[in-house]
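Colleague: I should be grateful for a close look at a single part of this predicted model. Which residues line the second largest pocket, and how do the helices there pack?

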Amino acid sequence: MTTTADTAAPAADTATADYMGFVGVTTASSSIMKVFPLWADILDLPTRRLVGHDLPMDADPAQYRAMVAQIRDDPHHRGALVTTHKMNVYAAASDLFDELDPFAVSCSEISSIAKRGSRLSGRAKDPITVDLALNDFLPADHFARTGAEVVILGAGGSGTALSWALAERTDAPARITVTARTQDKLDHLREVHRQHGTPDDLLRYVVTETPEKADALVAAAPAGSVIANATGLGKDRPGSPLSDAVVFPAGAYAWEFNYRGSLEFLHQAEAQRASRDLHVVDGWRYFIHGWSQVVADVFELELTPETVERLAAAAESVR
């Protein structure tokens, strides 16, 4: 069920040393394996050791429950960040947690697993981290000034979090379109927003069985719109939700949530950067905010903007 990738740690105390976990698909290839020891030094964490828990994308519920139980029952396991599997962890194992924050319950996902004494805590940090990453590149008055919209390709955990964050924004877009390959994911997202009280006319939910259908939505978006790849395609498996024939809106912000992998969506946007005057953004700052927020949750820290920038600089040194 689990493979491990550890940061440098003294061999003699590996069996008894505290450590943090990373639940993903191919954790060994993530930059966090080099970054975490640097952050541990900056933050004065009690461990420099990070262990990867790799699960296949089609893992069954028993695998998720076993993984959560392992984290809960190992006294040296301090907690974990969950990437690709955050919605599946909630669906399969939410009953194993003693505490779930409102985001986790509303969005049906768990991205941070932490311990508070004998209690196991599950939180959904993505609505916070995606907003921090968005604010790093998008002007605060962008939507009010331009009338631009947002097209979110993918209705999984990251897509759900982005739609949530956008709906809460003072400078909200004129419309948010979220796509998925199947209707059930969109039905789930619609229910999340219904429970949250999001205005019905702000969100549009569209099934895109083929890249060409997604292309049409992107091409029809107004100038300056944000087009976000929240599908996982280009990281966990190769590909893009769009075809190579897609035409991005003029002046659009093409946001690839991933920073590693084959990154086909990013390359498609870069090919049109000059001709369509695009702002092309990769997932590096999202990675920084996502990890720093979960590390802070696991080790009960308060992060200042200045500390986050120190962490970002350290991460950049090994990128």
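Modeller: The account below begins with the pocket, then turns to the helix packing beside its lining.

The model is a predicted one. Its second largest pocket holds about 150 Å³ of space. The residues that line this pocket are Leu132, Asn135, Asp136, Arg285, His289, Gln293, Leu303, Pro305, Val308 and Glu309. Three elements each give two or more residues to that lining: α5 (126–137), α11 (284–298) and α12 (305–316). Sorted by class, the lining comprises 4 nonpolar, 3 polar and 3 charged residues.

Two of these elements, α11 and α12, also pack against each other, at an angle of about 120° and with their axes 10 Å apart. The pair is therefore oblique, and the crossing of α11 and α12 is right-handed. On the α11 side, the contact is made by Trp284, Arg285, Ile288, His289 and Ser292. On the α12 side, Val308, Glu309, Leu311, Ala312, Ala315 and Glu316 take part. By class, the residues of this contact divide into 6 nonpolar, 2 polar and 3 charged. Arg285, His289, Val308 and Glu309 appear both in the pocket lining and in the contact of α11 with α12.

Helix α11 has a further partner in α1, which spans residues 32–43. Here the angle is about 50° and the axes lie 12 Å apart. Helices α1 and α11 are therefore oblique to each other as well, and their crossing is right-handed. From α1, the contact involves Ile32, Phe36, Trp39 and Leu43. From α11, the residues concerned are Phe287, Ile288, Trp291, Ser292 and Val295. This contact is made up of 8 nonpolar residues and 1 polar residue, with no charged residue. The contact of α11 with α12, by comparison, includes 3 charged residues.

Two residues of α11 serve both contacts: Ile288 and Ser292 are listed in the contact with α1 and in the contact with α12.

To draw the picture together, α11 gives residues to the lining of the second largest pocket, packs with α12 at about 120°, and packs with α1 at about 50°.

Key. Residues are numbered from 1 along each chain as its sequence is written. This is a predicted model: local features need pLDDT of at least 70, side-chain atom pairs count only at pLDDT 80 or more; totals for chains, interfaces and linings use all residues. Side-chain values use heavy atoms; hydrogens and water are left out. On a 1 Å grid over the protein atoms alone, a cavity is a set of points where a 1.4 Å probe fits but cannot get out, and a pocket is an open set with protein on both sides within 12 Å along at least five of seven lines; lining residues have an atom within 4 Å of a point. Grid points are joined across faces, edges and corners, and a volume is the space filled by probe spheres set on the points. Helices (H or I, at least four residues) and strands (E, at least two) are DSSP runs, numbered from the N terminus. Ala, Val, Leu, Ile, Met, Phe, Trp, Tyr, Cys and Pro count as nonpolar, Asp, Glu, Lys and Arg as charged, and the others, Gly among them, as polar. Axes are lines fitted to C-alpha atoms, for helices over the stretch in contact, and angles run from 0 to 180 degrees between N-to-C directions. Angles under 35 degrees count as roughly parallel, over 145 as roughly antiparallel, 65 to 115 as roughly perpendicular and the rest as oblique. A crossing is left-handed if the near helix is turned anticlockwise from the far one by less than a right angle, and right-handed if clockwise. Contact means heavy atoms within 4.5 Å.
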